[in-house]
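Please open the structure in your viewer and keep the selection panel at hand. The stops below are meant to be followed in order.

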There are 2 protein chains.
Amino acid sequence: MKTYSIGEVAKELNLSIYTLRYYDKEGLMPFVERNENGTRRFKESDISALHIIECLKSTGMPIKEIKHFIDWCAEGDATLQHRYDMFLERKASVEAKIKELQQTMEVIDHKCSYYKTALDAGTEDVHKGKKIEIVNP
Amino acid sequence: MKTYSIGEVAKELNLSIYTLRYYDKEGLMPFVERNENGTRRFKESDISALHIIECLKSTGMPIKEIKHFIDWCAEGDATLQHRYDMFLERKASVEAKIKELQQTMEVIDHKCSYYKTALDAGTEDVHKGKKIEIVNP
DNA sequence: GTAATCCCTATAGTTAACTCTAGGTCAAGA
DNA sequence: TCTTGACCTAGAGTTAACTATAGGGATTAC
């Protein structure tokens with residue numbers, strides 16, 4: 001079975017070798033095997049697991065919580081409910097985050113047109129007399 | 001003109017007093033005035049500025065960069081282009097982040113149904129034989 | 001008039017997530 | 001043979017963004 005070195009995996013996942021070793025130290029990759037010299041050899045399935053870890057990271061999940069999930073995976077069917085609940089929770093959290101970013105977007109869009117107008121006029125004074133935005137950002 | 005204490009502002013923005021003082025120390029609120037005892041008194045316009053700061057923070061902008069923006073605001077019309085460019089950049093960054101989260105969402109949704117099926121079957125084995133997902137997360 | 005509650009500064013401590021260094025092993029190429 | 005480059009561990013250092021503490025001043029409530 002084809003395996004990959006830590007350097008190859010780092011390149012593929014756009015992570016540093018340091019980061020991968022750090023994840024390993026934190027218990028995020030107990031499934032990665034070593035060869036006779038103690039060198040890590042990553043299987044394809046290890047790389048998919050790392051993709052899931054990256055996915056969870058991008059939901060804002062801290063590494064310690066991701067470790068719980070990894071531990072549950074090793075414990076088998078008894079933890080299925082935990083894992084399901086965890087993904088439902090992640091789903092809710094990502095939905096909330098997207099909503100928040102969409103609201104942020106509205107403010108940013110507003111500021112873009114605010115500055116576009118000001119820039120065209122050569123001065124922010126064009127916005128004088130409108131609500132508050134005279135003095136501060 | 002009505003003003004607010006740091007405690008009131010903290011409550012309104014859902015930040016700790018520590019955080020607000022930290023922002024002040026970092027130069028994010030040079031516009032907030034003090035009374036004769038040295039106590040901060042926040043104007044309405046200061047609070048709107050803080051809302052913008054929170055908005056920028058939620059785009060993932062680090063505090064040091066937010067400070068640049070605040071400095072530009074104080075410098076006046078000469079920095080309009082910088083500020084416009086900055087908001088365009090924030091816009092792009094938020095768009096990218098939303099896209100990333102939407103992709104994350106697809107993976108999470110997939111995992112949710114994966115675990116739903118496993119849970120209904122009482123074992124993860126129902127997914128055996130499908131691609132890789134037998135051993136790892 | 002004193003105790004509680006708010007505010008202040010300066011400075012130290014915390015946490016997460018890396019990032020790097022030192023010192024070492026091992027295999028391949030010149 | 002020897003040196004280059006990839007890997008290893010243990011542990012120190014870094015950075016951002018808070019968070020807390022110590023020590024002190026002003027206002028209000030009883």
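Begin with the contact between the two protein chains of this predicted model. Select the residues of chain A and chain B that take part in the contact: 45 come from chain A and 45 from chain B. On the side of chain A that touches chain B, colour α3 (44–58), α4 (63–75) and α5 (80–121) of chain A, the elements that each give two or more residues. Which of these gives the most? It is α5(A), with 24 residues. If the side of chain A that touches chain B is then coloured by class, 24 nonpolar, nine polar and 12 charged residues should appear.

Next, compare the two sides of the contact. Of the interface residues of chain A, 100% are also interface residues in chain B, so the copies meet through the same surface.

Now superpose the chains. Chain A falls on chain B after a rotation of 180° with 0.0 Å of shift along the axis, and the RMSD is 0.0 Å. This is the relation of a two-fold axis. To locate the axis from chain A, select I98(A): its C-alpha is the nearest to the axis in that chain, at 3.1 Å.

Move on to DNA strand D and display the 16 residues around it. Which of them come nearest? Label S5(A), G7(A) and R40(A) from chain A, together with P62(B) and I63(B) from chain B. Then show the helices behind this surface: α1 (6–13) and α2 (17–25) of chain A, and α2 (17–25) and α4 (63–75) of chain B, each supply at least two residues. The element that gives the most to the surface near DNA strand D is α2(B), with three residues. Coloured by class, the surface near DNA strand D shows six nonpolar, seven polar and three charged residues.

For the last stop, select N14(A), which lies in the loop between α1 and α2 of chain A. What is the sign of its phi? The phi of N14(A) is positive, about 60°, although the residue is not a glycine. Is N14(A) buried or exposed? N14(A) counts as exposed because it has 8 C-beta neighbours inside 10 Å, and the limit for an exposed residue is 12 or fewer.

Finally, turn to N14(B), in the loop between α1 (6–13) and α2 of chain B. Its phi is likewise positive, near 60°, in a residue other than glycine. N14(B) is exposed, with 8 other C-beta atoms within 10 Å.

Key:
Residues numbered from 1 in each chain as written. Chains lettered and ligands numbered in written order. Predicted model: local features only at pLDDT ≥ 70, side-chain atom pairs only at ≥ 80, totals over all residues. Contact = placed C-beta atoms within 7 Å. Helix = DSSP H or I, 4+ residues; strand = E, 2+ residues; numbered from the N terminus. Nonpolar A, V, L, I, M, F, W, Y, C, P; charged D, E, K, R; others polar. Least-squares fit on C-alpha atoms with pLDDT ≥ 70 in both. Near = placed C-beta within 6 Å. Buried ≥ 20, exposed ≤ 12 C-beta atoms within 10 Å, placed from the backbone.
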